[in-house]
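Colleague: I am new to reading structures, so could we go through this one together, a question at a time?

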Amino acid sequence: MDPILFAIFAGIAVVCGIVMVTQRHPIASALSLIGVMGSLAVLYLLLGAEFIAAAQVIVYAGAIMVLFLFVIMLLNAGAEPKPLRSSYLAGFLGVPMVLALMGLLGYLVKRSFPLDVTVRFGDFTGGSAKAVGDALFRKYLLPFEVTSVLVLIAILGAVVLARKEMD
Amino acid sequence: MPANFAFPTEAEYIRFLPETILILMGTLIMVLEGFAGDGHRKGTHKVALFGLFLAMAAACYAGSNPGPAFSDFLLVDGFGTFFRMLVLTVGILAVLCSPSYLSRERADSGEYYALILYSLVGQCILATANELIMVFIGLEISSIATYVLAGYLRDDKRNNESAIKYFLLGSFATAFLLYGVAWIYGLTGSTNLAVIRQYLQTSATADPALVGLAAGLMFVGFAFKVSAAPFQAWTPDVYQGAPAPVTAFMSAGPKAAAFAVFIRVYITAFDGIAETWLPVVWVSALATMVIGNFAALTQTNIKRVLAYSSIAHAGYVLVAVAAHSQIGTAAAMFYLASYVFMNIGAFALISHLSRQGERYVQVNDLAGLSQRQPVTAALFAIFLLSLIGVPLTGGFFGKFYIFKAALDSQLYWLTVLGLLNSAVAAYYYLRIIVVMYFHEPGHATESLEEPAAGIRVASLVAALAVVVLGVAPSLLLNVASRSSAIGR
Amino acid sequence: MPTTPLEVYFPVLVQALLGVGLALGLVGASSLLGKKLKNKIKDSPYECGMAPQGSAEERFSVKFYLVAMLFILFDIEAVFLYPWVVVYKDLGMIAFVEMAIFVILILSGFFYIWKKGVLDWSQISRIQRK
């Protein structure tokens with residue numbers, strides 16, 4: 001069951017990703033990005049990273065997408081005009097070359113990892129909120145606290161850069 | 001639950017004291033700014049200066065009892081303390097030359113100093129980071145604060161351009177770094193530099209090609225931050241567009257910190273695979289020197305000249321990294337210290353010379369400066385001579401030690417090409433000196449007022465440091481050699 | 001007792017499928033069963049309504065962006081609270097202090113934006129502030 005679910009949601013993620021890039025209207029792109037984020041959450045869940053999956057939905061599919069939509073509306077970005085002529089060469093050469101690159105990378109990865117270290121569904125169980133909390137508030141205490149500085153910088157930056165338009 | 005876990009001891013908190021002080025002072029400035037409401041005010045920079053001196057004292061104190069802190073996330077050693085002191089000095093000099101500039105542009109607000117302090121938190125973390133996670137967080141803190149600073153004057157189009165270019169390209173580069181970190185974690189099972197090093201030296205399971213790929217991805221991130229070729233293209237535009245004191249800050253602080261962490265990661269963690277990354281550093285060092293120096297030849301804008309010169313200087317430091325020896329590390333440390341002083345001094349004077357709205361930033365605007373303001377011209381000349389590498393300046397000994405380290409490691413070609421590059425570089429620096437001393441004063445120099453007190457202090461201190469490093473280099477070189485034993 | 005993630009989260013999957021199915025079903029059913037009338041009067045605004053002018057795509061105020069940005073920041077803070085809550089009993093006072101430092105730092109940022117008037121949307125009080 002796990003591999004089937006993986007294939008389904010990995011497929012959805014890839015398709016949504018391609019749709020996101022090819023859409024002309026930014027809102028449509030943003031909505032397909034939600035599809036990508038949601039399917040990634042399921043993939044995390046399948047691998048046993050439960051907390052990350054929940055955070056993915058709350059933070060990425062939730063908050064960050066809201067920000068994206070607001071920014072698109074803020075910029076009032078409409079649909080992009082169609083390109084005058086699309087390059088056939090890019091299509092003919094680009095697609096096979098991307099596939100070749102992916103194949104090469106896949107081969108390299110497959111060759112360099114022995115079978116006993118590959119990922120198996122259900123092997124990893126340390127992804128619950130409790131396990132994350134144990135790691136975060138003991139070993140990873142310093143990075144956690146320092147993250148608050150990043151948040152403060154983001155607050156300052158948002159106010160500094162947007163204040164002109166508010167007044 | 002990890003059984004062997006112990007909560008941090010007092011000594012570990014002390015090792016994190018400089019960052020703690022910077023965070024507290026930054027937050028204090030931010031809260032005070034909230035109380036003050038709208039309007040312009042003076043005096044916030046004094047709070048920032050106080051915090052910076054306090055943090056420097058704390059860095060000294062923390063350095064007196066070296067060791068790891070917070071489950072090995074930080075490693076306070078001589079190397080880390082050296083760079084902590086260096087970036088804090090940069091912070092002090094940058095804060096000194098900011099108030100006059102900001103009040104001239106009617107943007108004198110506390111957020112600026114809060115962001116500088118926060119950015120320095122990131123740089124201090126980078127100086128002592130012993131974990132790739134900490135490297136990433138430190139780099140993000142340092143850079144995101146700098147992105148905002150680059151666009152600090154919101155009404156200025158050049159500021160906006162600078163900030164957006166820096167932000168987009170910088171985020172892209174950080175993503176590469178993070179991807180490399182993820183690969184390293186997947187391959188070695190750890191993000192701790194010492195553990196990665198041990199794994200790479202003892203275990204044969206990791207494919208060298210994949211480890212090299214991961215190290216290469218991380219190199220992209222670091223090369224961007226230190227503006228090394230081929231990831232240097234952002235530098236001139238960003239340096240030109242940002243407010244002059246911010247350029248002074250970001251061409252010195254984040255760059256020194258990024259070099260510190262770059263050297264530490266590659267010498268500590270990736271030492272076992274040195275033969276894969278050394279050629280890359282070799283090529284990048286040469287390309288960086290050539291691109292920086294030759295592109296600077298045709299520039300007419302002083303900020304762009306210095307931006308390209310800053311690229312070229314990153315190339316010289318990379319030569320020291322390519323030497324891959326303890327002498328090389330010490331040479332890089334010495335060079336970065338002298339580079340920081342000459343560069344920040346030059347940009348401090350530019351923030352004075354450019355006047356409101358940065359109207360006068362062409363090389364020709366300096367015509368006859370020596371007749372109007374002999375001291376300013378003399379100080380500027382000292383920084384430029386040091387950037388060339390003339391004897392009796394810090395720049396000379398910096399280059400000397402770097403090329404000596406390169407010769408010791410049998411990098412003959414790189415040394416010869418690097419020396420040729422320095423000869424080329426002399427042209428564009430000397431051109432500025434010639435304009436200052438031998439051209440008739442134009443209307444740009446005639447309207448020049450006396451420099452503000454902060455800029456005077458900053459440029460005098462920087463010039464003094466440049467000269468002291470040029471006359472008695474052993475003062476700093478001894479410290480650098482003692483602290484350069486990382487990962488061995 | 002469910003053990004694998006799949007078993008544990010099976011109810012969530014069912015819920016999600018139900019949600020998607022319901023949404024698609026309702027929209028599909030109404031488009032299948034509903035009457036479709038299209039003519040000029042049907043498409044015009046209702047009787048005494050104003051004729052629409054210009055584009056519906058208006059530029060949003062930057063305030064929305066700031067609010068969304070702050071939403072993300074506090075969302076991230078909230079996400080950190082989940083793992084904190086479940087280990088709170090094990091760690092006790094230390095966990096409290098750790099989270100207190102984190103929250104106080106972020107709250108000082110919140111204080112700053114409050115005082116700066118970012119959350120103040122009314123034009124009058126902004127002018128009074130000056």
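**Questions on a predicted model**

Modeller: Chain A is divided into domain 1 (2-127) and domain 2 (128-167), and please keep in mind that this is a predicted model.

Colleague: How many residues does the contact take from domain 1 of chain A?

Modeller: The C-alpha centres of domain 1 of chain A and domain 2 of chain A lie 25 Å apart. The side of domain 1 of chain A that touches domain 2 of chain A divides into one nonpolar, two polar and one charged residue. The contact takes four residues from domain 2 of chain A and, from domain 1 of chain A, four residues.

Colleague: Which helix of chain B gives the most to the side of chain B that touches chain A?

Modeller: This contact takes 30 residues from chain B and 19 residues from chain A, and the residues on the side of chain B divide into 22 nonpolar, three polar and five charged. On that side, α2 (17-36), α6 (110-128), α7 (132-150) and α10 (208-225) of chain B each supply at least two residues. The helix that gives the most, with eight residues, is α7(B).

Colleague: Why can chain B be called as compact as a globular protein of its length?

Modeller: The secondary structure of chain B comes to 22 helices and two strands, and along its principal axes the C-alpha trace spans about 70 × 60 × 40 Å. For 488 residues the globule rule gives 23 Å, and chain B is as compact as a globular protein of that length because its radius of gyration is close to this, at 22 Å.

Colleague: What share of the residues of chain B count as buried?

Modeller: To count as buried, a residue needs 20 or more other C-beta atoms within 10 Å of its own. Among the contacts in chain B with a separation of 6 or more, 81% are accounted for by residues 24 or more positions apart. Of the 488 residues of chain B, the share that count as buried is 61%.

Colleague: Which helix supplies the largest share of the largest nonpolar core?

Modeller: The largest nonpolar core has 243 residues, and those with the most contacts inside it include B:I116, B:F334 and B:I344. Leaving aside its neighbours within four places in sequence, B:F334 is in contact with residues including B:F397, B:G398 and B:Y401. The largest share of the core, 19 residues, comes from residues 326-353 of chain B, which form helix α15.

Colleague: How many of the 15 residues of α18(B) are buried?

Modeller: Helix α18 (residues 394-408) of chain B reaches 21 Å from its first C-alpha to its last, close to the 21 Å expected at 1.5 Å a residue. Its buried residues, among them B:F397, B:G398 and B:Y401, pack against helices of chain B that include α14 (302-323), α15 and α22 (474-483). The helix is mostly covered, and the number of its 15 residues that are buried is eleven.

Colleague: Which residue just after α18(B) takes a positive phi?

Modeller: The helix α18 of chain B covers residues 394-408, and the residue in question follows just after it. With a phi of about 60 degrees, that residue is B:Q410.

Colleague: What percentage of the residues of chain C count as buried?

Modeller: The secondary structure of chain C comes to six helices and zero strands, and read along the sequence it follows the pattern α-α-α-α-α-α. Of the 130 residues of chain C, the percentage that count as buried is 18%.

Conventions
Residues are numbered from 1 along each chain as its sequence is written. Chains are lettered from A and ligands numbered from 1 in the order in which they are written. This is a predicted model: local features need pLDDT of at least 70, side-chain atom pairs count only at pLDDT 80 or more; totals for chains, interfaces and linings use all residues. Two residues are in contact if their C-beta atoms, placed from the backbone, lie within 7 Å. Helices (H or I, at least four residues) and strands (E, at least two) are DSSP runs, numbered from the N terminus. Ala, Val, Leu, Ile, Met, Phe, Trp, Tyr, Cys and Pro count as nonpolar, Asp, Glu, Lys and Arg as charged, and the others, Gly among them, as polar. A residue is buried if 20 or more other C-beta atoms lie within 10 Å of its own, exposed if 12 or fewer, and partly exposed in between; C-beta atoms are placed from the backbone. Domain bounds come from an automatic or database domain assignment. A nonpolar core is a set of buried Ala, Val, Leu, Ile, Met, Phe, Trp, Tyr and Cys residues joined through C-beta atoms within 7 Å. The expected span of a helix is 1.5 Å times one less than its number of residues. The radius of gyration is taken over C-alpha atoms; the globule rule is 2.2 Å times the number of residues to the power 0.38.
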